[in-house]
Each structure stands twice: as C-alpha cells, then as structure tokens.
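Hi,

Here is the structure I promised to pass on. Have a look at it first, and then read on for my notes.

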Amino acid sequence: MLWTILGWLVFGLVAGFIARAVVPGKDNIGLPMTILLGVIGSVVGGLLFGLLTVGVRGFEPAGWIGSVIGAVIVLVAYNKFTGRKGRASR
C-alpha cells in the first residue's frame with residue numbers, strides 16, 4: 001500500500017512538472033500543488049480517454065500521455081479560475 005501511494009506521488013510530480021513546462025508563463029504553485037495537479041490530471045486524462053473511446057468507465061487513471069494532457073487541462077482551468085496568469089507581473 002505504501003509503495004502504491006509513493007508511486008502515485010512520483011507519477012503526479014512528473015506529470016505535473018511536464019504540464020507546468022508545457023503551459024507558458026510562470027506558475028507560482030509549490031511542490032504539493034504540482035503533485036496534486038499531476039494526480040488530478042491523471043484522473044481527468046482517464047475520463048477523457050474513456051469518453052473518446054468506449055464511453056465513461058468511471059474514475060480510472062490514464063497513462064503518461066493522458067496524465068500530462070489532463071494535467072495541462074487542469075492547470076489551464078486552475079489559472080483561469082484563480083486569475084493567476086491574467087494579472088501583470090511587477
């Protein structure tokens with residue numbers, strides 16, 4: 001059980017970092033939010049993949065590509081919702 005949790009954390013961290021690198025601009029989120037971004041992105045990617053292929057199968061995690069795509073979608077939505085990218089930096 002511990003290895004599963006650690007695996008999810010590492011998986012989320014890598015997917016979150018890749019998503020942050022793909023989305024332009026500076027993201028002022030820390031390491032825990034990056035991990036959460038990747039984990040939620042994996043679930044979103046799994047849902048989108050399920051919708052595009054065989055229909056809704058529930059909350060299933062996606063592979064690397066689906067996780068990164070889902071994390072990019074979650075990061076863009078997070079930035080729109082919080083307004084972080086819309087403000088000018090000083």
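Let me start with one residue: L13 sits in helix α1. Please keep in mind that this is a predicted model. With a relative accessible area of 24%, L13 counts as partly exposed, because buried would need a value under 20% and exposed a value over 50%. Once its neighbours within four places in sequence are set aside, L13 is in contact with L31, T34 and I35. For I35, the chain separation from L13 is 22 residues, yet their C-alpha atoms are 4.3 Å apart.

Now the overall picture. The protein has 3 helices and 0 strands, so reading from the N terminus the order is simply α-α-α. Its length is 90 residues, and 28% of them count as buried. If you take the contacts with a separation of 6 or more, 59% of them join residues 24 or more positions apart. The exposed area comes to about 6100 Å², with 74% of it supplied by carbon and sulfur atoms.

On to the inside. Which residues form the largest nonpolar core? There are 7 of them, namely A19, V23, I29, L37, A71, V74 and L75. Helix α3 gives the largest share of this core, with 3 residues.

L37 is a good place to begin exploring that core. This residue belongs to helix α2, and at 5% relative accessible area it is buried. Leaving out neighbours within four places in sequence, L37 is in contact with G16, A19, R20, I29, A71, V74 and L75. Several of those names also appear in the core list, including A19, I29 and A71. You can also find A15 from here: A15 and L37 are 22 residues apart in sequence, with 8.0 Å between their C-alpha atoms.

A71 gives you the view from another core member. With its neighbours within four places in sequence left aside, A71 is in contact with A15, A19, L37, G38 and G41.

The outside has something to show as well. A nonpolar surface patch of about 920 Å² is formed by V10, V14, I18, V22, L48, L51, W64, I65, I69 and I73. Two or more residues of the patch come from each of α1, α2 (31-52) and α3 (64-82). Take I18 as an example: this residue lies in helix α1, and a relative accessible area of 37% makes it partly exposed.

Finally, the aromatic rings. How many aromatic pairs does a search of the whole structure find? The count is 1. The partners are W8 and F11, with ring centres 6.4 Å apart and planes at 70°; since an angle over 60 degrees counts as edge-to-face, that is how this pair is classed. Both residues lie in helix α1 (residues 2-22), and because they are 3 residues apart there, about one helical turn separates them. How does each partner rate, buried or partly exposed? W8 has 30% relative accessibility and is partly exposed, whereas F11, at 18%, falls under the 20% limit and so counts as buried.

If you want a route through the model, you could go from L13 with its contact I35 to L37 in the core, then out to I18 in the patch, and end at the W8 and F11 pair.

Happy browsing, and do write back with any questions.

Best wishes

Key
Residues are numbered from 1 along each chain as its sequence is written. This is a predicted model: local features need pLDDT of at least 70, side-chain atom pairs count only at pLDDT 80 or more; totals for chains, interfaces and linings use all residues. Side-chain values use heavy atoms; hydrogens and water are left out. Rings of Phe, Tyr and Trp (its six-membered ring) pair if their centres lie within 6.5 Å; planes under 30 degrees apart count as stacked, over 60 as edge-to-face and the rest as tilted. Helices (H or I, at least four residues) and strands (E, at least two) are DSSP runs, numbered from the N terminus. Buried means under 20% relative accessible area, exposed over 50%, partly exposed in between (1.4 Å probe, protein chains only). Patches are made of residues with over 30% relative accessible area and no salt bridge: like charges are joined within 9 Å, nonpolar side chains (Val, Leu, Ile, Met, Phe, Trp, Tyr) within 5 Å. Accessible areas come from the Shrake-Rupley method with a 1.4 Å probe; for residues, only the protein chains shown count as cover. A salt bridge is a side-chain nitrogen of Lys or Arg within 4 Å of a carboxyl oxygen of Asp or Glu. A nonpolar core is a set of buried Ala, Val, Leu, Ile, Met, Phe, Trp, Tyr and Cys residues joined through side-chain atoms within 4.5 Å. Contact means heavy atoms within 4.5 Å.
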